[in-house]
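User: I would like to learn how to read the features of a fold. Please take me through one case.

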Amino acid sequence: MHLDGVLDALRAIAEESRVRILAVLRHGELTVTDLTEILGQSQPRVSRHLRVLVEAGLVTKHREGTWVFFRTVEIGDGAALVGAALEATDDADNDSVVAADRARLDVVRARRADAASEYFERIAEIWDEERSLHAAADTVEAAIVGAVGAEPLGRVLDVGTGTGRMLQLLAHRAERAVGIDTSHSMLSVARANLERAGVVNWELRQGDVHSPPLDAASFDLVVIHQVLHYLDDPARAITEAARLVAPGGRLLVVDFAPHRHDFLRAAAHRRLGFTHQQLVDWFDSAGFDCPSITDVDPPAGQDGLTVTVWLATNRTLPVAQNARHAQREVA
């Protein structure tokens, strides 16, 4: 950060309301309405403070339908400045203003969680019927964890994040964890679940799986969990997801094997499962190899759903590996 940028950032921080905004935003993303309630200030005033913080590079914002969410920056010099400025507020018991803000933040989060639960209860019957047909969630998740391995995961993207479960499962091993979904209601469910689970390094974005609003080659692991069977054009979703995978990165797909449960079309299933070869061919067209395929069978004796876990790898190697490969060829 250049000197002018440092001075702008320090001037932005050096105001009581803006420090309070930063102190609550570091606990997760919030809207202007949320911050208005927490700070007890007017919406125009809160918006002005947010504009200053955004222009100083200390806060980022993203739109989700008609809502705009704000959060503190998480990497770079701006994040370091925010961290240093807020260090003195860590012991909230010594500051009644900060303590009161956190208490109101808890109220906002509780109300958000209640709204998400009400929405999920309306669709729970469909989800429960589907889940009863395949192996228990912990068995499927064990297969997912086994497929990605025990190493750090780097930058992780969950496409069609739904309830945010994949982010809960993988975020603790990720440098950055992002979820996208077209449904604002499902993003509200995911946001409440992630906050309740204490996950700290997540981001949520509203976006279409066929045209995700993210930079190419910006993730080390992209996950598409139980999404493809809802799509008219799953091959295109694979292509778009592959575009987001960095050289040498991986693409994890979890979905159903072919089945005969036609009644699931009433639950918006467009495809009744996928063969191993279908996905392998789509991966190949996108420039990926698929060395790992795992089937998780339904409970014994049940005509249920087999869940398949495909893990594909980008054939394009990172720059350093490409250089070593070229050196070997010359030798």
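The dialogue below covers a sheet, its helices, two residues and some salt bridges.

User: What should I know about the model before I start?

Analyst: This is a predicted model: local features need pLDDT of at least 70, side-chain atom pairs count only at pLDDT 80 or more, and totals for chains, interfaces and linings use all residues. Residues are numbered from 1 along each chain as its sequence is written, and side-chain values use heavy atoms, with hydrogens and water left out.

User: How do I read a sheet, and what is the strand order here?

Analyst: Start with the terms. Strands (E, at least two residues) and helices (H or I, at least four) are DSSP runs, numbered from the N terminus. Two strands pair if DSSP finds at least two bridges between them. In this model, 7 strands form an open sheet with mixed pairing. The order is β6-β5-β4-β7-β8-β10-β9.

User: Which strands stand at the edges?

Analyst: β6 (202-206) and β9 (288-296) do. Each has a single partner strand, so one side of each lacks a neighbour in the sheet. On average, neighbouring strands are turned by 15° against each other, direction ignored. Angles like the helix ones below run from 0 to 180 degrees between N-to-C directions, with axes as lines fitted to C-alpha atoms, for helices over the stretch in contact.

User: How many bridges join β5 to β6?

Analyst: There are 5 bridges between β5 (residues 174-181) and β6. The two strands run parallel. G179 sits opposite L204 of β6.

User: Which strands does helix α7 touch?

Analyst: Contact means heavy atoms within 4.5 Å. Helix α7 (residues 137-148) packs on the sheet and touches β7 (219-225), β8 (245-256), β9 and β10 (307-314). The direction of α7 makes about 160° with that of β8. Helix α11 (residues 276-285) lies across β8, β9 and β10. The angle of α11 to β9 is about 155°.

User: How do I check the length of a helix such as α9?

Analyst: Compare the span with the expected one, which is 1.5 Å times one less than the number of residues. Helix α9 (residues 184-197) has 14 residues and reaches 20 Å from first to last C-alpha, close to the 20 Å expected.

User: What caps the N-terminal end of α9, and what comes just after the helix?

Analyst: S183 is the cap: one of its side-chain oxygens lies 3.3 Å from the backbone nitrogen of S185. Just after α9, G198 takes a positive phi of about 75°.

User: Which residues of α9 are buried?

Analyst: Buried means under 20% relative accessible area, exposed over 50%, and partly exposed in between (1.4 Å probe, protein chains only). In α9, the buried residues are M186, L187, S188, V189, A190, R191, A192, L194 and E195.

User: Where is A171, and is it buried or exposed?

Analyst: A171 is in the loop between α8 (165-170) and β5. Its relative accessibility is 2%, so A171 counts as buried. Setting aside neighbours within four places in sequence, A171 contacts M166, A177, V199 and N201. A171 and L194 are 23 residues apart in sequence, and their C-alpha atoms are 9.9 Å apart.

User: What joins the side chains of R165 and E141?

Analyst: A polar contact is a pair of N or O atoms within 3.5 Å; within protein, one must be able to donate a hydrogen and the other to accept it, and residues adjacent in sequence count only if both atoms are side-chain atoms. R165 and E141 have such a contact, at 2.8 Å. R165 lies in helix α8 and is partly exposed, at 33%.

User: How many salt bridges does the whole structure have?

Analyst: A salt bridge is a side-chain nitrogen of Lys or Arg within 4 Å of a carboxyl oxygen of Asp or Glu. The search of the whole structure finds 13. One of them pairs E29 with R191, closest N and O atoms 2.8 Å apart. E29 lies in the loop between α2 (16-25) and β1 (30-31) and R191 in α9, so the pair ties together parts 162 residues apart in sequence. E29 is buried at 0%, and R191 is buried at 1%.

User: Which salt bridges involve R315?

Analyst: R315 meets D284 at 2.3 Å, N to O. D284 lies in α11 and R315 in the loop between β10 and α12 (319-330), so this pair ties together parts 31 residues apart in sequence. R315 also meets D289 at 2.8 Å, N to O. D289 lies in strand β9, so that pair ties together parts 26 residues apart in sequence. D284 is partly exposed at 43%, as are R315 at 35% and D289 at 38%.
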